[in-house]
Amino acid sequence: MVKLRIAMFDSKPYDKEFFDRINADPKYSYEIHYIPGHFNKDTVSLARGFDAVCVFVNDAVDEELIKELREYGIRLIALRSAGYNNVDLKSSYGKIHVVRVPAYSPYAVAEHAVALMLSLNRKTHKAYFRTRDSNFTINNLIGFDMHGKTAGVIGTGKIGKIVCEILKGFGMQVLVHDLYPDHKFAEQTGAKYVDLDTIYKTSDIITLHCPLTPENVHMINIDTISRMKNGVMIINTGRGKLINTRDLIEGLKSRKIGSAGLDVYEEEGDYFFEDFSAEAISDDVLARLLTFPNVLITAHQAFFTREALASIAETTLENVRLFFEEDKLPNEICYRCSEGKCVKQEKGKCF
Ligand code: NAI
């Protein structure tokens, strides 16, 4: 039997470890070619001769690249992520199927969001360096009780819901906003659906758990920041472009924003997942962000748990198997699905 060939872009040693482990199952045993670089116009030709390409969050799959993949006979783009904002779904529609991993470990991301909150609040990231230097003073490390404060959770999907439950456990008042409210969930947890303005005006901590769509690009901007409480903490583990970073910096400079925990950044594609420790950062916005003592940046690691990596590898290989061996696409995403309008008429496929 001819082995299916997968070109896996932007792959790191941990991807290889988890994919090799799952791929050892005889029902897969695919030929996986691990390519460390991003998927882009310079690397797309490496996909020639493969059956499927597998990409990650910072691989921008645009119209030109889709055209090229199509010429190579690629029939499937398998995303190793839940988010799909990096793929031009309109261009791929009717040409190449796109599948994703809709859920791997929402706990991983939710727990990381809360880790950012706790670190920023109690300044453990700063205390760590002090005590290592035998400096046992606690000046300027003062935080606040989260108990009794108000959290605003934007997006109550799989991740946002877990964040709500954790914060409720802290005794916080949890306000939520979603385009499609889940009132049963609100009733069960005691979270309260409100409009965005109420979230902005009353939250001590605002945390973003909605996908990036054309409608919510830069939803956190100079105007929305001006409506927030003084000293608000902003957490973003969603997607970088949900925040206008220049406006965030102005908010931090004016002290309107008390702190920011960012696992994602608008221009992260040029930096995240790579080592720049021996180089100057030429992105002045990122460099400025890194100067603030009350900004904590992690490089898109919220998903990064053993459970999540195993689940991503398993679902991705199963997505490939189901398409090529059973002609099924349960985790397909097309531009109509993303707008909630997909009918999936043909064998569960989008086109
Ligand atoms: P989900 O699809 O389960 O939930 C998203 C929720 O956001 C849905 O309830 C949806 O109705 C709501 N929503 C959509 N547009 C909205 C808007 N404009 N305003 C308010 N709510 C809106 O997705 P899940 O699994 O909870 O993930 C959320 C996001 O987290 C993903 O789209 C992805 O961008 C990000 N993510 C980040 C990771 C990381 O490592 N930092 C890992 C996984 C996901």
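Student: In the second largest pocket, how many residues of the lining are nonpolar, polar and charged?
Tutor: The structure is a predicted model. Glycine is counted with the polar residues here. On that basis the lining of the second largest pocket divides by class into seven charged, seven polar and five nonpolar residues.

Student: Which residues lining the second largest pocket are closest to its centre?
Tutor: The second largest pocket has a volume of about 410 Å³. Its lining consists of 19 residues. Those closest to the centre are Val-57, Asn-58, Asn-85, Glu-266 and Gly-269.

Student: From which domains does the lining of the second largest pocket draw at least three residues each?
Tutor: The protein is divided into two parts, and domain 1 is made of two segments, 5-104 and 305-338. Domain 2 covers 106-297. The lining of the second largest pocket takes at least three residues from each of domain 1 and domain 2.

Student: How many residues of domain 1 and of domain 2 are in contact?
Tutor: Taken over C-alpha atoms, the centres of the two domains are 30 Å apart. Contact here requires heavy atoms within 4.5 Å. By that cut-off, the residues in contact number 14 in domain 1 and ten in domain 2.

Student: Which residues come nearest to the ligand?
Tutor: The shell around the ligand has nine nonpolar, nine polar and four charged residues. The residues around the ligand number 22. Of these, the nearest are Tyr-104, Lys-158, Ile-159, Asp-178 and Asp-263.

Student: What percentage of the area that the ligand exposes when taken alone does the protein bury?
Tutor: Two aspartates have side-chain contacts with the ligand: a polar side-chain atom of Asp-178 is 2.6 Å from a ligand oxygen, and an N or O atom in the side chain of Asp-263 is 3.0 Å from a ligand nitrogen. Phe-303 offers a polar backbone atom, 3.1 Å from an oxygen atom of the ligand. Taken alone, the ligand exposes 860 Å², and the share of this that the protein buries is 86%.

Definitions and conventions. Residues are numbered from 1 along each chain as its sequence is written. This is a predicted model: local features need pLDDT of at least 70, side-chain atom pairs count only at pLDDT 80 or more; totals for chains, interfaces and linings use all residues. Side-chain values use heavy atoms; hydrogens and water are left out. On a 1 Å grid over the protein atoms alone, a cavity is a set of points where a 1.4 Å probe fits but cannot get out, and a pocket is an open set with protein on both sides within 12 Å along at least five of seven lines; lining residues have an atom within 4 Å of a point. Grid points are joined across faces, edges and corners, and a volume is the space filled by probe spheres set on the points. Domain bounds come from an automatic or database domain assignment. A residue is near a molecule or strand if one of its heavy atoms lies within 4 Å of it. A polar contact is a pair of N or O atoms within 3.5 Å; within protein, one must be able to donate a hydrogen and the other to accept it, and residues adjacent in sequence count only if both atoms are side-chain atoms. Accessible areas come from the Shrake-Rupley method with a 1.4 Å probe; for residues, only the protein chains shown count as cover.
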